Amino acid sequence: MEQRVIAHFTLGGAGFGDPEQRKTMFEAEKRLRALVAEASVGAVDGNEYGGGRVALYAYGADADALFAAMETELRAVPFRPAHVYVVYSDDSSRRVDL
């Protein structure tokens, strides 16, 4: 089973955030894709919006290496509160607050 990193950010309102927030997240996701590809640790697989939040999903063979490649960019995203789940192949996980 692939390991994964799931990042959660709080946006404004109860829906999908405003257009500027979505633009910021799109740009961050684009940079994350490049960082993960450059490090050869997996792939960023998309996002899910709703309820005033967004989640970004990434998968790879080593969740710690994946998170290490993503961490600086994830911390640069301005929306808070935010946290990341680093999920291992046995479905154990650790939470990192951003």
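## Getting to know this fold, one exercise at a time

D91 is partly exposed, with a relative accessible area of 46% (buried is under 20%, exposed is over 50%, and partly exposed lies in between, using a 1.4 Å probe and protein chains only). We'll come back to D91 twice below.

A quick word on the ground rules. The model is predicted, so local features need pLDDT of at least 70 and side-chain atom pairs count only at pLDDT 80 or more, while totals for chains, interfaces and linings use all residues. Residues are numbered from 1 along each chain as its sequence is written, and side-chain values use heavy atoms, with hydrogens and water left out.

### Exercise 1: the overall layout

**Task.** How many helices and strands are there in the protein chain, and in what order do the elements run from the N terminus?

**Solution.** Start by counting: the chain has 2 helices and 5 strands (DSSP runs numbered from the N terminus, where a helix is H or I over at least four residues and a strand is E over at least two). Next, walk along from the N terminus, and you meet them as β-α-β-β-α-β-β. Then check the packing: the radius of gyration is 13 Å, close to the 13 Å from the globule rule for 98 residues, so the chain is as compact as a globular protein of that length (the radius is taken over C-alpha atoms, and the rule is 2.2 Å times the number of residues to the power 0.38). Finally, lay a ruler along the principal axes, and the C-alpha trace spans about 35 × 25 × 20 Å.

### Exercise 2: inside and outside

**Task.** What percentage of the 98 residues counts as buried, and what area does the chain expose?

**Solution.** First the inside: 41% of the 98 residues count as buried. Now for the outside: the chain exposes about 5300 Å², and carbon and sulfur atoms supply 52% of that (Shrake-Rupley areas with a 1.4 Å probe; for residues, only the protein chains shown count as cover). Last, look at who touches whom: among contacts with a separation of 6 or more, 61% join residues 24 or more positions apart (a contact means heavy atoms within 4.5 Å).

### Exercise 3: charges and their partners

**Task.** How many salt bridges does the count come to, and which residue pairs with R4, which with R33 and which with R94?

**Solution.** Begin with the charges as a whole: the mean positions of the 11 positive and 15 negative charges are 6 Å apart (Lys and Arg are positive, Asp and Glu negative, with His and the chain ends not counted; each charge is placed at NZ of Lys, CZ of Arg, CG of Asp or CD of Glu). The salt bridge count comes to 6 (a side-chain nitrogen of Lys or Arg within 4 Å of a carboxyl oxygen of Asp or Glu).

Now go pair by pair:

- R4 meets D91, at 2.8 Å from N to O. This bridge links distant parts of the chain, 87 residues apart: R4 sits in strand 1 (residues 3-10), D91 in the loop between strand 4 (82-87) and strand 5 (93-97). R4 counts as buried because its relative accessibility is 17%.
- R33 pairs with E29, and their closest N and O atoms are 2.8 Å apart. Both belong to helix 1 (residues 19-39), and because they are 4 residues apart there, about one helical turn separates them. R33 is partly exposed at 40%, whereas E29 is buried at 6%.
- R94 pairs with D64, with 3.1 Å between the closest N and O atoms. R94 is in strand 5 and D64 in helix 2 (residues 63-76), so the bridge ties together parts 30 residues apart in sequence. R94 counts as partly exposed at 33%, and so does D64 at 35%.

### Exercise 4: what does E73 touch?

**Task.** Which residues are in contact with E73, leaving aside its neighbours within four places in sequence?

**Solution.** Find E73 in helix 2. At 12% relative accessibility, E73 counts as buried. With those sequence neighbours set aside, the contacts of E73 are A28, R31, L32 and L35.

### Exercise 5: backbone oddities

**Task.** Is the peptide bond from R80 to P81 cis or trans, and where are S40 and D91 found?

**Solution.** Take the peptide bond first: from R80 to P81 it is cis, with omega near 0 degrees. P81 has its place in the loop between helix 2 and strand 4.

Next comes S40, which is not a glycine but has a positive phi of about 55 degrees. Look for S40 in the loop between helix 1 and strand 2 (43-50); S40 is exposed, at 64%.

Last, D91 returns: D91 is not a glycine either, and its phi is positive at about 70 degrees. D91 is in the loop between strand 4 and strand 5.
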